[in-house]
Each structure stands twice: as structure tokens, then as C-alpha cells.
Amino acid sequence: NLHLGFTIDHEKLQFQFSNDGENWTNIGEVKDASQLSDDYGNNWQFTGAFAGICCQDLSGANAPADFDYFS
């Protein structure tokens, strides 16, 4: 199993992965998450940030991606 995750510390977003769900390794650089705030921008129509998972099979083999859980 491969576990994917992220942490947000105020405006700092860091993606992570783990092979066992306990020991996490950071992926890539820290990203700016300040634009995910409800009060970002002038239009006041933003409804907040959402998180989800998806996977595309780019090999053309129709291989499935099975997700055990999402929290």
C-alpha cells in the first residue's frame, strides 16, 4: 500500500507519502496554500478548499486504482 497525504501550516502546504502509514516522507517543495483561504480575492464567491483523490491510467491498460480509505 502507498499512503498519500499533505499537511498545511497556515499558508504552507507540504505533500507527503508513506509506505506504512506511520513514517512519512515529504514530496517536492513547500507550496503556497494562502490562495485556498475563504477570504482570498475580491469576489467573495469562493466556497473554501476541497480535497479529493483520483488516478488516471496513462498506459492505456485500463488498470484500476483502488483506494481503501480517504480521510
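Strands here are DSSP runs of at least two residues, numbered from the N terminus. With that, I can place Glu11: Glu11 lies in the loop between β1 and β2. The model you have in front of you is predicted.

I will stay with Glu11 for a moment. Is Glu11 buried or exposed? Neither fully: Glu11 counts as partly exposed, because its relative accessible area is 38%, and the class in between runs from 20% to 50%. Leaving out residues up to four places away in sequence, Glu11 touches Lys31, Asp32, Ala33 and Ser34. One of these, Asp32, is 21 residues from Glu11 along the chain, yet their C-alpha atoms are separated by 5.7 Å.

Now the strands on either side of that loop. β1 covers residues 3–9, and β1 and β2 pair in the antiparallel sense over 7 bridges. Asp9 stands opposite Lys12 in β2. The hairpin of these two strands has 2 residues between them, and His10 there takes a positive phi near 55°.

On to the next pairing. Strand β3 covers residues 25–32 and runs antiparallel to β2, with 5 bridges joining them. One bridge partner to look for is Thr25 in β3, which goes with Phe17. How many residues lie between β2 and β3 in their hairpin? There are 6, and Gly21 in the turn has a positive phi of about 80°.

Next, a residue in the middle of this arrangement of strands. Gln16 is found in strand β2, which covers residues 12–18. Gln16 is buried, since its relative accessible area is 14% and the cut-off for buried is under 20%. The side chain of Gln16 makes a polar contact with the side chain of Asn26, at 3.3 Å. Beyond four places in sequence, Gln16 touches residues including His3, Leu4, Gly5, Phe6 and Thr7, and also Trp24, Thr25, Asn26 and Ile27.

Ile27 brings me to the surface. Ile27 sits in strand β3 and is partly exposed, at 36% relative accessibility. Ile27 also belongs to a nonpolar patch on the surface, together with Leu2, Leu4, Phe6, Ile8, Phe15 and Leu36. Together these residues have about 680 Å² of accessible area. Which strand gives the most to the patch? That is β1, with 3 residues. As a general point, side chains in a regular strand alternate between the two faces of the sheet.

To close, two residues to find on the screen: Gln16, which is buried, and Glu11, which is partly exposed.

Conventions. Residues numbered from 1 in each chain as written. Predicted model: local features only at pLDDT ≥ 70, side-chain atom pairs only at ≥ 80, totals over all residues. Heavy atoms only, no water. Helix = DSSP H or I, 4+ residues; strand = E, 2+ residues; numbered from the N terminus. Buried < 20%, exposed > 50% of the residue type's maximum accessible area, 1.4 Å probe, protein only. Polar contact = N/O pair within 3.5 Å; in protein donor to acceptor, adjacent residues only side chain to side chain. Contact = heavy atoms within 4.5 Å. Pairing = 2+ DSSP bridges. Patch = residues over 30% accessible without salt bridge, like charges linked within 9 Å, V, L, I, M, F, W, Y side chains within 5 Å. Areas by Shrake-Rupley, 256 points an atom, 1.4 Å probe, with all protein chains shown as cover. Salt bridge = Lys/Arg side-chain N within 4 Å of Asp/Glu carboxyl O.
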